[in-house]
Amino acid sequence: MSYSFKIYSSLLVSLLPLVLFTSPSFARPSMKPTSPLIDEICSKCLDPSLCLKVLRSNHHSAHADLKGLGRISIHIARKYANQTSNLITSLSKGETTFVLKGRYDVCAELYGDAIDELNGAEEILNKEEVLSPFDISTFRIRASAASDGPVTCEDGFEKPPNEPTMLKQANKKLEGLCSIVLAIGASLNSG
Ligand SMILES: *[C@@H]1O[C@H](CO)[C@@H](O)[C@H](O)[C@H]1NC(C)=O
C-alpha cells in the first residue's frame with residue numbers, strides 16, 4: 001500500500017507542472033512575451049491594448065531596445081497603412097458619387113504621405129551613430145505627421161455621406177498604431 005502510494009504521489013508530482021501550465025485557467029492569453037519597456041511604452045499610447053497586442057505579436061519585441069521597438073512599430077504601422085491605402089484606392093475606383101470619390105482620393109494621398117513620414121522616421125532609427133537632438137525632434141515631427149494622415153482622412157467624412165465602417169475603423173487603428181511610434185519618439189534620448 002505504501003508502495004503504490006509512493007508511485008501515485010511521485011506521478012502526481014511529475015504531472016503537476018504539466019497540469020499547471022496547460023490548464024486553461026492558467027493559460028491566459030496575455031501570457032505572451034512582453035518586457036517592462038513594452039509595458040511602459042504601451043501605457044503612454046492612445047490605445048494601450050492595441051499596442052500590447054501588436055508588439056507582443058512580434059517575437060523580437062520582448063528583447064528589443066527602444067530603437068528596436070521603434071523599428072517594429074513603424075514596420076507594423078506602415079504595413080497597415082499600405083493595406084488601407086489599397087482599400088482606399090479600390091473604394092475610389094468603385095465610387096460614382098463625386099463627393100465621396102474626391103474624399104477617397106484625398107485620403108489616398110494622405111495615406112501615401114503617412115507612409116513617407118514613417119519611412120523617414122525609420123531612416124533616423126537606422127543611423128549608426130548616436131541620435132542627436134535634431135534627429136530626435138525630426139523623428140517626433142515625422143511620427144506626428146504620419147498620425148495626422150488617418151486623422152485628416154477621417155475629418156473629411158464629418159458631413160454625410162459617410163465612409164464605409166471598414167475605412168472608419170482603419171483610420172482609428174492606424175492612428176492607434178502611429179501613437180505607438182509617437183510614444184517611442186517621446187522616450188528617445190540623445191547621447
Ligand atoms: C504598398 O506596398 C507595395 C508592395 O511593397 C508597394 O508596391 C506600394 O507602392 C505600396 N503602396 C504605397 C501607397 O506606398
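## Exercises on a predicted model

Ser 61 is buried, with a relative accessible area of 0% (buried means under 20%, exposed over 50%, partly exposed in between; 1.4 Å probe, protein chains only). This is a predicted model: local features need pLDDT of at least 70, side-chain atom pairs count only at pLDDT 80 or more, and totals for chains, interfaces and linings use all residues. Residues are numbered from 1 along each chain as its sequence is written, and side-chain values use heavy atoms, with hydrogens and water left out.

**Exercise 1.** Locate Ser 61 and list what it touches.

*Solution.*
- Place: Ser 61 sits in the loop between helix 3 and helix 4 (helices are DSSP runs of H or I, at least four residues, numbered from the N terminus).
- Contacts (heavy atoms within 4.5 Å): Ser 61 touches Ser 35, Ile 38, Leu 55, Arg 56, Leu 69 and Ile 72, leaving aside residues up to four places away in sequence.
- Polar side: a polar side-chain atom of Ser 61 lies 2.4 Å from the backbone oxygen of Leu 55.

**Exercise 2.** Describe the surroundings of Thr 97.

*Solution.*
- Place: the loop between helix 4 and helix 5 holds Thr 97.
- Exposure: Thr 97 is partly exposed, at a relative accessible area of 36%.
- Polar contact (N or O atoms within 3.5 Å, one able to donate a hydrogen and the other to accept it; residues adjacent in sequence count only if both atoms are side-chain atoms): the side chains of Thr 97 and Glu 95 are joined at 2.9 Å.
- Distance: Pro 161 is 64 residues from Thr 97 in sequence, yet 9.4 Å away in space, C-alpha to C-alpha.

**Exercise 3.** Find and classify the aromatic pair.

*Solution.*
- Rule: ring centres of Phe, Tyr and Trp (its six-membered ring) lie within 6.5 Å; planes under 30 degrees apart are stacked, over 60 edge-to-face, the rest tilted.
- Count: the rule gives one aromatic pair.
- Class: Tyr 104 and Phe 157 are tilted, with 5.9 Å centre to centre and 40 degrees between the planes.
- Link: Tyr 104 lies in helix 5 (residues 98-125) and Phe 157 in the loop between helix 6 (133-155) and helix 7, so the pair ties together parts 53 residues apart in sequence.
- Burial: Tyr 104 and Phe 157 are both buried.

**Exercise 4.** Which helices each supply at least two residues of the lining of the largest pocket?

*Solution.*
- Helices: helix 3 (48-56), helix 4 (66-94) and helix 7 (165-187) do so.
- Main supplier: helix 4 gives the most, with five residues.
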